[in-house]
Amino acid sequence: MSNQDETPEYRLRKELPDEVPATPPADGVAEQPAEPALTGRQRLVQGLWPPRVSRAQLIVALLLFGLGFGLAVQVASNSDSGNALRGARQEDLVRILDELDDRSQRLEDEKQGLEKQQQELENSSDQAEEARKQTVEKEKQLGILAGTVAAQGPGITMTIEDTKGTVEADMLLDAIQELRAAGAEAIQVNGVRVVAGTFLTDSGKSVSVDGNKINTPFRFKVIGNPQDLEPALNIPGGVVQTLEKEQATVTVERSDKIVVDALRAAKQPDYARSSSQ
C-alpha cells in the first residue's frame with residue numbers, strides 16, 4: 001500500500017457511495033404541480049359564500065322584517081291623517097285647534113285639582129274628616145251635572161229670536177253640543193235643565209226639550225268660562241252664523257253671575273246599587 005492510499009482525501013472518496021443517476025418519470029407521467037396558495041380576497045369570498053345561516057340568525061331576520069313592516073304601516077297611517085287635515089277648511093282647522101287647546105287646559109286643571117285633593121288627604125291630620133268633606137263636595141258637583149242641584153257662577157246668556165219659525169231642534173242641539181265642547185258646566189233652556197240625556201224634537205213650529213214644549217225666544221243660560229263660551233259660538237261657520245242664515249237674531253251676553261235654577265228629579269235606579277253597601 002502506498003502513501004497516497006493512506007491520505008485522508010483518498011480514504012474519504014473511497015468510503016462515499018457511487019453516484020446514483022436520477023430515475024426518469026415512469027411512462028411519461030408528469031409530476032403534478034403544487035396548488036397555488038390562495039390570496040386573502042379569495043379566502044374571504046370562500047368564507048362568505050355560500051352563506052351559512054343558523055336558526056338563530058333566521059329568527060332575528062324575521063323579527064327585524066316584522067318590525068320594519070309595522071313601522072311602515074304606522075308611517076302610512078299617519079300620512080293618511082295628515083292628508084285629511086290638509087284638505088280641511090281654514091275655519092275647521094281654527095275650530096279644531098281652539099277645541100284642542102280648551103280641552104287640554106281643562107284636563108290640566110282637572111289634573112291639578114286631583115293632585116291637590118291627594119295632597120290634602122296625605123297632609124290632613126284627620127283623613128277621615130277630610131275624606132267626608134271631599135265626598136260632600138263631590139256630591140254637589142255630581143248634582144250640578146245631573147241637574148238635581150241649582151248652580152250659579154260666571155257664564156253667558158244666549159237669546160235666539162225666531163220670528164220666521166225657521167229654527168229647528170237640530171240647530172238648538174248643535175248649540176248645546178258646542179257649548180259643552182267649550183266647557184259649559186250647567187245649561188238651562190227656557191226653564192228646562194239640560195243634562196247628559198237631554199233630547200230635542202220638533203213640535204209643530206216650536207221645539208220640545210225632553211218633552212217640554214218651548215217657544216221663541218229661546219234663551220240659553222250657561223255657566224262656564226265666558227272667554228271660552230262666547231268665541232265657541234261665534235267662530236266662522238259656527239252656531240251664530242248658522243242661525244243668522246236662517247234669518248234668526250242671536251245675541252250673546254257675558255255675565256259674572258248666571259243662575260241655573262231649573263231642577264231635574266233624581267231618578268232612583270231600578271237595579272244598580274252602590275257597591276259600598
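**Note on the two sheets, their loops and salt bridges**

1. The hairpin of β4 and β5 has two residues between its strands, and G204 there takes a positive phi near 65°. The model is predicted, and every value below should be read with that in view. Strand β4 covers residues 200-203 and pairs with β5 in the antiparallel sense, over four bridges. One residue pair to look for is L200 and V209: V209 in β5 is the bridge partner of L200.

2. A second hairpin follows, made by β5 and β6. Two residues lie between these strands as well, and D210 has a positive phi near 55°. The pairing of β5 with β6 (residues 212-214) is antiparallel and runs over three bridges. In β6, I214 is the bridge partner of V207, and K213 stands opposite S208.

3. Put together, these strands give an open sheet of three, in the order β4-β5-β6, with antiparallel pairing. Why do β4 and β6 each have one side without a neighbour in the sheet? They stand at the edges and have a single partner strand each, so one side of each is left free of a neighbour in the sheet. From one strand to the next, the twist averages 35°. As background, strands of a sheet pair through backbone hydrogen bonds, and the pairing can be parallel or antiparallel.

4. Which way do the side chains of β5 point? In a regular strand, side chains alternate between the two faces of the sheet. Strand β5 (residues 206-209) shows this: S206 and S208 point one way, while V207 and V209 point the other way. All four of these residues are buried, which means that each has under 20% relative accessible area. The serines, then, are buried just as the valines are.

5. The other sheet has five strands. It is open, with antiparallel pairing, and its order is β3-β2-β7-β1-β8. Its edge strands are β3 (192-194) and β8, each of which pairs on one side only. The twist here averages 20° from one strand to the next. Within this sheet, β1 (residues 151-161) and β7 (residues 218-223) run antiparallel and are joined by six bridges. In that pairing, I160 stands opposite F218 in β7.

6. Helix α6 (residues 169-181) packs on the five-strand sheet, where it touches β1, β2 (186-189), β3 and β7. The direction of α6 makes about 10° with that of β7. The helix also lies across β4 and β5, running at about 155° to β4. A reader tracing the model can therefore find α6 in contact with strands of both sheets.

7. How many salt bridges are there? The count comes to two. One of them joins the side chains of D210 and R264, at 2.7 Å from N to O. D210 lies in the loop between β5 and β6, and R264 in the segment after β8 (249-260), so this pair ties together parts that are 54 residues apart in sequence. D210 is at 16% relative accessibility and so counts as buried. R264, at 28%, counts as partly exposed. D210 is also the residue with the positive phi in the hairpin of β5 and β6.

8. R254 and E230 form a salt bridge too, with their closest N and O atoms 2.4 Å apart. R254 is in strand β8 and E230 is in helix α7 (residues 226-233), so the pair ties together parts that are 24 residues apart in sequence. With 46% relative accessibility, R254 counts as partly exposed.

9. The surface has a nonpolar patch formed by V60, L64, L67 and L71, whose accessible area together is about 400 Å². Of these, L67 has its place in helix α3 (residues 55-86). Is L67 buried or exposed? Its relative accessible area is 53%, so L67 counts as exposed.

10. Some totals for the protein chain close the note. The secondary structure comes to eight helices and eight strands. Of the 277 residues, 22% count as buried. The chain exposes about 20,800 Å², and carbon and sulfur atoms supply 54% of that area. Among contacts between residues at least 6 apart in sequence, 74% join residues at least 24 apart.

Key
Residues are numbered from 1 along each chain as its sequence is written. This is a predicted model: local features need pLDDT of at least 70, side-chain atom pairs count only at pLDDT 80 or more; totals for chains, interfaces and linings use all residues. Side-chain values use heavy atoms; hydrogens and water are left out. Buried means under 20% relative accessible area, exposed over 50%, partly exposed in between (1.4 Å probe, protein chains only). Two strands pair if DSSP finds at least two bridges between them. A salt bridge is a side-chain nitrogen of Lys or Arg within 4 Å of a carboxyl oxygen of Asp or Glu. Axes are lines fitted to C-alpha atoms, for helices over the stretch in contact, and angles run from 0 to 180 degrees between N-to-C directions. Contact means heavy atoms within 4.5 Å. Patches are made of residues with over 30% relative accessible area and no salt bridge: like charges are joined within 9 Å, nonpolar side chains (Val, Leu, Ile, Met, Phe, Trp, Tyr) within 5 Å. Accessible areas come from the Shrake-Rupley method with a 1.4 Å probe; for residues, only the protein chains shown count as cover.
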